[in-house]
Amino acid sequence: MNRKAVDALLEFREKNRYLPGLRALVGFRQGWITCNREERPGSKPGMTYGKLINLAMDAIFSFSDIPIRLCLFVGIIGMLICFGAFFYIILSKLLGIAPFGWSSTTISIFFIGFIELIFLGIMGEYIYRIFKETQNRPHYIIKNNRVALRPAQ
């Protein structure tokens, strides 16, 4: 990395840094060097599966709101399914073909569960926005002395 890229990375004040994501966010020109690594004779790699999972979680939670949105959308879709099942149960009760007792209990349990998912998704949206504010990432990164500015996010 050149000095300008390092200085741009040092502007990020967040404590939990996922460097590949921050390196891409900075936006400088990047290149890769392909090399073949020999196997380690008799030693184990430093990156265990647990560390790789932690690294993947850092990448997902530092740069994505998909898990929170997934919770919200599953709750909304589940709520729509519950309403459909509720109307089906009412219709089958009116026609006299529904079994006794299980349907109302099941629908009420699912209904409450999906309401909880919706509210968890809404609360997660607020918490995610607070998290983004506390990361204190710079709004712009100046690549050179010219006036060409690029939003950091």
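## Close-up views of a predicted model

**View 1. Arg-129 and its salt-bridge partner Glu-125.** With a relative accessibility of 52%, Arg-129 counts as exposed, because the exposed class begins over 50%. The model shown here, as in every view below, is predicted. Glu-125 is the partner of Arg-129 in a salt bridge, and their closest N and O atoms are 3.5 Å apart. These two residues are four places apart in helix α5, which means that about one helical turn separates them. Unlike the exposed Arg-129, Glu-125 is buried, at a relative accessible area of 11%. Salt bridges with shared partners link Asp-65, Arg-69, Glu-125 and Arg-129 into one network.

**View 2. Surroundings of Glu-125, and the salt bridge between Arg-69 and Asp-65.** Helix α5, in which Glu-125 lies, covers residues 102–135. When neighbours within four places in sequence are set aside, Glu-125 is in contact with Ile-68 and Arg-69. Arg-69 also forms a salt bridge with Asp-65, in which the closest N and O atoms are 3.3 Å apart. Arg-69 is partly exposed, with 33% relative accessibility. Asp-65, by contrast, is buried at 19%, a value that falls just inside the buried class because that class is set at under 20%.

**View 3. The salt bridge between Asp-7 and Arg-3 in helix α1.** By the rule applied here, the model has four salt bridges; in this one, the closest N and O atoms of Asp-7 and Arg-3 are 3.0 Å apart. The two residues are four places apart in helix α1, so about one helical turn lies between them. Asp-7 counts as partly exposed, at 37% relative accessibility, whereas Arg-3 counts as exposed, at 54%.

**View 4. Gly-75 in helix α4 and its contacts.** Gly-75 belongs to helix α4, which runs through residues 66–95. Its relative accessibility is 0%, so Gly-75 counts as buried. Beyond its neighbours within four places in sequence, Gly-75 is in contact with Phe-114, Leu-117 and Ile-118. Phe-114 is 39 residues away from Gly-75 in sequence, yet their C-alpha atoms are 4.7 Å apart in space.

**View 5. The largest nonpolar core and a second, separate core.** Nine residues make up the largest nonpolar core: Ala-5, Ala-8, Leu-9, Phe-12, Leu-22, Leu-25, Val-26, Phe-28 and Ile-141. Helices α1 (3–10) and α2 (19–26) each contribute at least two residues to this core. With neighbours within four places in sequence left aside, the contacts of Phe-12 include Leu-22, Leu-25, Val-26 and Ile-141. Phe-12 is also in contact with Arg-17, Arg-137 and Pro-138. A second core, separate from this one, has five residues, among them Leu-72, Met-79, Phe-114 and Ile-118.

**View 6. A nonpolar patch on the surface.** Phe-73, Ile-76, Ile-77, Leu-80, Ile-81, Phe-83, Phe-86, Phe-87, Ile-90 and Leu-94 together make a nonpolar surface patch of about 1000 Å². One of these residues, Ile-81, is part of helix α4. At 55% relative accessibility, Ile-81 counts as exposed.

**View 7. Cysteines without disulfides.** A search of the whole structure finds zero disulfides. Cys-71 is in no disulfide, and the nearest cysteine sulfur, which belongs to Cys-82, is 15 Å away. This distance does not meet the disulfide rule, because that rule requires a pair of cysteine sulfur atoms within 2.5 Å. Another cysteine, Cys-35, counts as exposed, at 54% relative accessibility.

Technical notes:
Residues numbered from 1 in each chain as written. Predicted model: local features only at pLDDT ≥ 70, side-chain atom pairs only at ≥ 80, totals over all residues. Heavy atoms only, no water. Buried < 20%, exposed > 50% of the residue type's maximum accessible area, 1.4 Å probe, protein only. Contact = heavy atoms within 4.5 Å. Patch = residues over 30% accessible without salt bridge, like charges linked within 9 Å, V, L, I, M, F, W, Y side chains within 5 Å. Areas by Shrake-Rupley, 256 points an atom, 1.4 Å probe, with all protein chains shown as cover. Salt bridge = Lys/Arg side-chain N within 4 Å of Asp/Glu carboxyl O. Core = buried A, V, L, I, M, F, W, Y, C linked by side-chain atoms within 4.5 Å.
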